[in-house]
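User: Could you take me through one part of this protein in close detail? I would like to look at a single strand and its surroundings, and then at the charged pairs and cysteines elsewhere.

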Amino acid sequence: MAGAEFEGCTFEQCTWAGVDLTGVRFVDCVFSACDLSNATVVDTAFRSVRFVECKLIGIPWRACNAFLLDLSFQRCRLDLSVFQDLACQRLQFEACSLVETDFSGADVQGCQFADCNLDRATFDRTNLEGCDFRTARNYRIDPAKNRVRGARFSVPEVLGLLAHHDLDIEY
């Protein structure tokens, strides 16, 4: 499949778990109820690609082609994924599981984390400026180690910003 190009395609209920997608180019595509867990995405281009109700566990997104990267995820499971050091400012997550996902060093400013579970997700040197966490849950973000200017949070989950300070907070 290396070097294949897909434009304007819809993939439904495909099982591509562990598949090597090295160098593949996806433009204006939709993946619906697909399993791409542990797929290899080295230099894979995702331009205006939507994932709906997909299983995307353990994908090293940082290895994909960052040029014009534009991804959105709705009701997807992205646990153990790696966005480390990736510039991906157009990301949209809606009702996703991002358990133990690594965002270290990533530039995800302006991203939406609507109704997402960020349990044990890693944020370290991450640009989170303007991100929307108002309906996200279980996140732990240290404002001293991440850029959070203009990010939006809600109570009580905003207490996740203080978790690294070993405080005893009652409310």
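The request below picks out one strand and one residue in it.

User: Please look closely at β4 (45–52). What is R47 in contact with, and how far away is the nearest side chain of opposite charge?

Analyst: Happy to. A word on the source: this is a predicted model, in which local features need pLDDT of at least 70 and side-chain atom pairs count only at pLDDT 80 or more, while totals for chains, interfaces and linings use all residues. Residues are numbered from 1 along each chain as its sequence is written, and side-chain values use heavy atoms, with hydrogens and water left out.

Let us start with the strand itself. Strands here are DSSP runs of E with at least two residues, numbered from the N terminus. Six of the eight residues of β4 are buried, where buried means under 20% relative accessible area, exposed over 50% and partly exposed in between, with a 1.4 Å probe and protein chains only. β4 has a partner in β3 (25–32), to which it is joined by seven bridges in a parallel arrangement; strands count as paired if DSSP finds at least two bridges between them. In that pairing, R25 stands opposite A45. β4 also pairs with β5, again in the parallel sense, over four bridges, and there R50 faces S72.

Now to R47, which lies in β4. R47 is buried yet has no salt bridge, a salt bridge being a side-chain nitrogen of Lys or Arg within 4 Å of a carboxyl oxygen of Asp or Glu. The nearest side chain of opposite charge is D43, 7.2 Å away; for charge, Lys and Arg count as positive and Asp and Glu as negative, with His and the chain ends not counted. Leaving aside neighbours within four places in sequence, R47 is in contact (heavy atoms within 4.5 Å) with R25, F26, V27, D28, N65, F67, L68 and D70.

The strand also feeds the interior. The largest nonpolar core has 48 residues, and such a core is a set of buried Ala, Val, Leu, Ile, Met, Phe, Trp, Tyr and Cys residues joined through side-chain atoms within 4.5 Å. F51 is among the members that touch the most others, along with W61, F73, F93, F113 and F133. β3, β4 and β5 each supply at least two residues of this core. In soluble globular proteins, nonpolar side chains tend to be buried together. Farther along the chain, F93 has contacts that include F73, L78, F83 and F113, its neighbours within four places being left aside.

While R47 has no salt bridge, the count for the structure comes to ten. In one of them, R77 meets D79 at 2.8 Å between the closest N and O atoms; R77 is partly exposed at 42%, whereas D79 is buried at 9%. Another joins E100 and R120 at 3.1 Å, N to O. That pair links distant parts of the chain, 20 residues apart, with E100 in the loop between β6 and β7 and R120 in the segment after β7.

Finally, the cysteines: a search of the whole structure finds zero disulfides, a disulfide being a pair of cysteine sulfur atoms within 2.5 Å. The cysteine sulfur nearest to that of C9 belongs to C29, 4.7 Å away, and C9 is partly exposed at 24%. For C14 the closest cysteine sulfur is in C34, at 4.3 Å, which is too far for a bond.
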